[in-house]
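Trainee: Got a minute? I'd like to walk through this one with you.
Mentor: Sure, let's open it up.

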Amino acid sequence: MNDVVVRFAPSPTGFLHIGGIRTALINYIVVQQSKKKDPKSKLLLRIEDTDITRSKDEYKKSILDGLEWMGIEWDEKPHIQSESIDRHKEIAFKLLEKGHAYKCVCTKEELETRRLENQKLRKNIKRLCTKCKNDSATQQLEKDFCIRINIPNDGKISVLDKIQGLVVVENKEIDNFILLRKDGTPTYMLSVVVDDHDMGVNIIIRGDDHLNNIFRQLHIYKSLKWDLPTYAHHPLIHGDDGLKLSKRHGAVDINEFKKKGYLPQAIINNLILLSWSPKKNDENIEIGEIINTFDLEKMSKSSSIFDYNKLNHFNNFYLQKEENYKYFEEFVNENSILKNFFDIDKILMKKLFNTYKKNINFYSELENISKIYYDEEFKTILNNELDDNFNIILNDFMKHLDFIDVWSKDNLKNCINKFLELKKIKFPIFGKPVRIVLTNLKEGPPINDILFILGRKNTFLRLNNYINSANKL
RNA sequence: GACCCCUUCGUCUAUCGGUCAGGACACCAGGUUUUCAUCCUGGAAAGAGGAGUUCGAUUCUCCUAGGGGUCGCCA
């Protein structure tokens, strides 16, 4: 049996952010690699919804949608953690029965007091509840107790993590954490272990904010004599202030990336380059090649900062690829502004995109650009770059334009060049004002491209409107 | 505060003791161009500090400093 079972286990208490996507992505890559060796390998998805007050269906949906959009496919249907609470309770009592756990009646207040006392004395005592374990009356209670794990005070425990290497911790550093709350519900620490075991998970890949949890969880595995999984704790992504990535670092929710017009490929490319790098010098790498070359054990242990500049670079690279045009259409269909324009004139939108794709980093940048070209009420804002000389030349130019039979980029370019040659004027003197007349912008694509995008009818409409308003002055 | 992890250009990274410390993004300059952009060429830019091991340390060991993570009847 060489099948690998990994899992991604988000809790639906918030939107799926870029850090979560990274964890899911690494799990996905590892399972795809494993499937080549053993097709029975699988990536399971588990929704950890045991925090009833904070878990929301809307978050669960956004997580599923986000993964799907990213192309991170999982096997089987999602496991819902809250559905196996009875099983978790059963295990808690089994541990109690075997002496690996004990009943505790310490109140929150008592524990808090002891915690503060220890802090004052600068003592490092992790075991806050010390009396309950040996109090026979407490151990015989039928209700109103929580169940804590019973970990020996001496000795040490170690793990050989695929990324972190050998990590050793003294048992006395590990607290007698709670398995089952007073209200009878299981805690995260217990549920994870039971679910991972029951689901057959044999490699646990997650962020290193869970590194310290390995040891707590290993004690549960060992007490139950269950097979130990292999661990791989990857470093976290930080914001540019060096702190764990969160909302205040800007767009971190995966759905925001989608809304802005980023491509999954670009996000994947950017994310996989954090803590890992391909052997080749070219950093553009797509999922297939990543699966062929990625090595979990070559991941670095240090955290990294998510670079939006580099993401923009990759996104610009991928959105220019012809085969990715379908993503543009998908985006347009979900963007109300662009969808509206698209329905008015599909060809115009396509022309726009093809001309501007070199200039934009993400699709939503086209919103403002489209507004200029789709504006039926377009009026040139008059300014001092548009003088009488120019107006006279423009009149002449329109006559030349009128002779163009096929309104193509090349014909327009030829027409412009011939006209300038004939009039013996340099391009900028004429071109810049034309750009302003047609778009109210001083910068933008070449004039022939602008004329081409607008089409014959709109070009003449805008030029005539301008001339009429200029004449009124 | 305790424990765990980390530390190479601004950012992401390469280097498995001997390299002019390489690449990518960003930045700057020059060139091409019909403005802007693209594109091409070039440039500036790094081993946290200190000991030790060694003929030789960015690389191995230790110390210090800095950063991060974790210390819940949250997950």
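**Pocket, domains and sheets**

Mentor: Start with the largest pocket: its volume is about 1100 Å³. On a 1 Å grid over the protein atoms alone, a pocket is an open set of points where a 1.4 Å probe fits, with protein on both sides within 12 Å along at least five of seven lines, and lining residues have an atom within 4 Å of a point. The volume is the space filled by probe spheres set on the points, which are joined across faces, edges and corners.

Trainee: Before we go on, what kind of model is this?
Mentor: This is a predicted model: local features need pLDDT of at least 70, side-chain atom pairs count only at pLDDT 80 or more, and totals for chains, interfaces and linings use all residues. Residues are numbered from 1 along each chain as its sequence is written, chains are lettered from A and ligands numbered from 1 in the order in which they are written, and side-chain values use heavy atoms, without hydrogens and water.

Trainee: OK, how many residues line the largest pocket?
Mentor: The lining has 39 residues, and Pro 10, Ser 11, His 17, Asp 209 and His 210 lie nearest the centre. By class, 14 are nonpolar, 13 polar and 12 charged. Here Ala, Val, Leu, Ile, Met, Phe, Trp, Tyr, Cys and Pro count as nonpolar, Asp, Glu, Lys and Arg as charged, and the others, Gly among them, as polar.

Trainee: Which element gives the most to that lining?
Mentor: Helix 1, with four residues. Strand 1, helix 1, helix 6 (188-198) and strand 9 (203-207) each supply at least two. Helices (H or I, at least four residues) and strands (E, at least two) are DSSP runs, numbered from the N terminus.

Trainee: And why does the pocket lie between domain 1 and domain 3?
Mentor: Because domain 1 (5-78 + 191-238) and domain 3 (247-319) both give residues to its lining. Domain bounds come from an automatic or database domain assignment. The centres of these two domains, taken over C-alpha atoms, are 20 Å apart. Their contact (heavy atoms within 4.5 Å) takes 26 residues from domain 1 and 30 residues from domain 3.

Trainee: New topic. What order do strands 1, 2 and 3 take in their sheet?
Mentor: The order is 1-2-3, in an open sheet with parallel pairing. Two strands pair if DSSP finds at least two bridges between them. Strand 1 (5-8) and strand 3 (79-80) are the edges. Strand 2 (residues 42-47) joins strand 3 over two bridges, and Arg 46 stands opposite His 79.

Trainee: Which strands does helix 1 lie across?
Mentor: Helix 1 (residues 18-37) lies across strand 1 and strand 2, at about 160° to strand 1. Axes are lines fitted to C-alpha atoms, for helices over the stretch in contact, and angles run from 0 to 180 degrees between N-to-C directions.

Trainee: Strands 4, 5 and 8: parallel or antiparallel?
Mentor: Antiparallel, in an open sheet ordered 4-5-8. Strand 4 (101-104) and strand 8 (178-180) are its edges. Four bridges join strand 4 to strand 5 (residues 146-149), and Cys 104 stands opposite Cys 146.
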